[in-house]
Amino acid sequence: MNRGCVSLGDVQCGGCHRIVSHSERYLIIEEDDTTLILCVDCSLNKGYAHYKEDKGERILTFFSEGVGGEV
Ligand SMILES: [Zn+2]
């Protein structure tokens with residue numbers, strides 16, 4: 001199950017290993033007994049997130065696993 005979260009400044013990305021800045025969004029991917037944390041850049045690169053245009057604004061949405069919905 002994937003969940004989109006907002007960092008409190010103490011989260012490290014499991015992809016590029018940088019610290020996710022405070023108030024920056026990130027994605028939690030839970031698979032069986034492992035949890036992967038991805039920053040926005042890595043989520044976009046790996047296809048877990050995309051930007052959606054809405055009324056001229058770019059809105060980041062995360063894909064949730066299985067259902068094809070958005071978080
Ligand atoms: Zn990253």
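**View 1. The largest nonpolar core of this predicted model brings together 10 residues.** Its members are C13, V20, Y26, L27, L38, C39, C42, Y48, A49 and F62. Strands β4 and β5 are the elements that contribute two or more residues to this core. As background to this view, nonpolar side chains in soluble globular proteins tend to be buried together. For the chain, 17% of the 71 residues count as buried.

**View 2. Y26, a member of the core, and the residues it touches.** Leaving aside residues up to four places away in sequence, Y26 is in contact with C5, S7, V11, C13, V20, I37, L38, C39 and V40. Among these partners, C13, V20, L38 and C39 also appear in the list of core residues, so it is worth keeping View 1 at hand here.

**View 3. Strand β4 has β1 as one of its pairing partners.** Here β1, spanning residues 2-6, runs antiparallel to β4, which covers residues 25-31. The pair is held in register by 5 bridges. To find your way around, look for G4, whose bridge partner in β4 is L27. You have met L27 already, as it belongs to the largest nonpolar core.

**View 4. Strand β4 also pairs with β5.** Strand β5 takes in residues 34-39, and 6 bridges join it to β4 in the antiparallel sense. E31 makes a handy landmark, with T34 as its bridge partner in β5.

**View 5. The turn of the β4-β5 hairpin contains D32.** Just 2 residues lie between the two strands of this hairpin. D32 sits in that loop and has a positive phi of about 50°, although it is not a glycine. Is D32 buried or exposed? D32 counts as exposed because it has 5 C-beta neighbours inside 10 Å, and a residue is classed this way at 12 or fewer.

**View 6. K55 is another residue with a positive phi.** Phi of K55 is near 55°, and K55 is not a glycine either. The residue is found in the loop between β6 (49-54) and β7 (57-62). K55 has 5 C-beta neighbours inside 10 Å and therefore counts as exposed.

**View 7. The chain as a whole, for orientation.** Stepping back from the close-ups, you can trace 1 helix and 7 strands. Followed along the sequence, these elements give the pattern β-β-β-β-β-α-β-β. Among contacts between residues at least 6 apart in sequence, 30% join residues at least 24 apart.

Definitions and conventions. Residues numbered from 1 in each chain as written. Predicted model: local features only at pLDDT ≥ 70, side-chain atom pairs only at ≥ 80, totals over all residues. Pairing = 2+ DSSP bridges. Helix = DSSP H or I, 4+ residues; strand = E, 2+ residues; numbered from the N terminus. Buried ≥ 20, exposed ≤ 12 C-beta atoms within 10 Å, placed from the backbone. Core = buried A, V, L, I, M, F, W, Y, C linked by C-beta atoms within 7 Å. Contact = placed C-beta atoms within 7 Å.
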